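The following note sets out some remarks for a colleague who is beginning to read protein models. Please keep the sequence and the structure in view while going through the points.

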Amino acid sequence: AAMRPAVPTLHDCLRMFGAPERLGQADAWFCSGCKEHVRATKALTLWSAPPVLVVQLKRFAFSRHQRSRINTTVDFPVSGLDMGPFLAGPAAGGAVYDLFAVSEHMGGLGGGHYTAQVRSVADGQWYDCDDSVVRPAGHDGSGAVTSSAYLLFYQRRGSEAYLPPTPRTACGAGAQSGAAAHPGQPWDQRDAPRVGTCGTTSAHAAALRERASAPALQPAALTQGASARPDTLGRGEALAQQADSARTRSETRAAAAAREDAV
């Protein structure tokens, strides 16, 4: 039986990306040393490991006679991508990455559709996002490795430069997840959100209880500087009194400035 061709990996693509290339005669480079046009050798290298690494897979091929979409599946790691061998500079902060999102393209050059596979910071689960439809896609992220993968988003381990916004709960409170306590860990190793009653987080619920048990603010604190007795004013009257006092002071200053200009 004929052997099936091996699936290229992301490491293969990175090695080809940094491989030296000798320029053709039509692209000869002028050497300042010998003062002649020579066929130089060029190479692209990465100097340092960024906090967030975005890899674009080449999905569209253009030639003089045709254009086509490349449907080759590239095998890329969901966790533990080591960029150390591909860096020209020192990797002081480490160079191991974990995948957290994939932008997908389906279709051709004449028309297509974009979807995404994303990993939730709240529960560590992967989700398939297709316009307004969001479906669970498992916990290991293996479903993102397809021929539709176009843009790969990686976060460097130990980096706090990228931290997704805290998820919002039904009452508008931010979910207190392990991501805030351990931003450098892979998301699947962080604690699940600690959610209290009514969809609120435990921290938010505690804040609500503390606010409810606090003594009510006295009207005197709202009407400092007012001429009327603060203990006889309601909250709305006190605020109106403050606004009137501020307006009176503003008008007095404006009148004084006008008199100075007249003199």
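**Note on the predicted model**

1. Of the 263 residues in the chain, 27% are buried. The model under review is a predicted one. Its chain contains four helices and 13 strands. Among the contacts in the chain with a separation of 6 or more, 55% join residues that are 24 or more positions apart.

2. The nonpolar core deserves attention next. Nonpolar side chains tend to be buried together in soluble globular proteins. Here, the largest nonpolar core has 22 residues. Leu10, Phe76, Met83, Leu99, Leu152 and Tyr154 are the members with the most contacts inside this core. At least two core residues come from each of α1 (10-17), β5 (52-56), β9 (96-107) and β13 (149-156).

3. Tyrosine 154, one of the core residues with the most contacts, may be examined individually. With its neighbours within four places in sequence left aside, tyrosine 154 is in contact with Leu10, Pro51, Val52, Leu53, Phe76, Pro77, Leu81, Tyr97, Asp98, Leu99 and Phe100. This list includes Leu10, Phe76 and Leu99, which are also named among the core residues with the most contacts.

4. Leucine 14 belongs to helix α1. Is leucine 14 buried or exposed? Its relative accessible area is 14%, so leucine 14 is buried, the limit for that term being under 20%. Beyond four places in sequence, leucine 14 is in contact with Met83 and Phe86. Leucine 14 also shows how positions separated along the chain can be compared in space: proline 85 is 71 residues away in sequence, and the two C-alpha atoms are 9.9 Å apart.

5. Alanine 101 is placed in strand β9. Its relative accessibility is 11%, and alanine 101 therefore counts as buried. Apart from residues up to four places away in sequence, alanine 101 touches Gln117, Val118, Trp126, Leu151, Leu152 and Phe153. Between alanine 101 and valine 78 there are 9.5 Å from C-alpha to C-alpha, with a sequence separation of 23 residues.

6. Polar residues can be buried as well, and glutamine 155 in strand β13 is a case to consider. With a relative accessible area of 7%, glutamine 155 is buried. Which backbone atom lies 3.3 Å from a polar atom of the side chain of glutamine 155? The atom in question is the backbone oxygen of serine 159.

7. Serine 120 offers a further example, located in the loop between β10 (112-119) and β11. Although serine 120 is in a loop, it is buried, with a relative accessible area of 18%. A polar atom of its side chain lies 3.0 Å from the backbone nitrogen of alanine 122. Serine 120 also touches Gln125 and Tyr127, when residues up to four places away in sequence are not counted.

8. Two residues call for a check of the backbone angles. Lysine 35 is not a glycine, yet it has a positive phi of about 60°. Lysine 35 is in the loop between β2 (29-30) and β3 (37-38), and it counts as exposed at 55% relative accessibility. Aspartate 131, likewise not a glycine, has a positive phi of about 55°. The loop between β11 (126-130) and β12 (133-136) holds aspartate 131, and a relative accessible area of 64% makes aspartate 131 exposed.

9. The final point concerns empty space. Rolling a probe the size of a water molecule over the atoms shows where such space is left. The largest pocket has a volume of about 530 Å³. How many residues line the largest pocket? There are 23 lining residues, and Cys13, Phe17, Val55, Gln56 and Leu57 lie nearest the centre of the pocket. Both α1 and β5 supply at least two residues of the lining, and the largest share, five residues, comes from α1. By class, 18 of the lining residues are nonpolar, three are polar and two are charged. Helix α1 may thus be viewed in two settings: α1 supplies at least two residues of the largest nonpolar core, and α1 gives five residues to the lining of the largest pocket.

Definitions and conventions: Residues numbered from 1 in each chain as written. Predicted model: local features only at pLDDT ≥ 70, side-chain atom pairs only at ≥ 80, totals over all residues. Heavy atoms only, no water. Buried < 20%, exposed > 50% of the residue type's maximum accessible area, 1.4 Å probe, protein only. Core = buried A, V, L, I, M, F, W, Y, C linked by side-chain atoms within 4.5 Å. Contact = heavy atoms within 4.5 Å. Polar contact = N/O pair within 3.5 Å; in protein donor to acceptor, adjacent residues only side chain to side chain. 1 Å grid on protein atoms, 1.4 Å probe; cavity = no way out; pocket = protein on both sides within 12 Å on 5 of 7 lines; lining within 4 Å. Points joined across faces, edges and corners; volume = space filled by probe spheres on them. Nonpolar A, V, L, I, M, F, W, Y, C, P; charged D, E, K, R; others polar.
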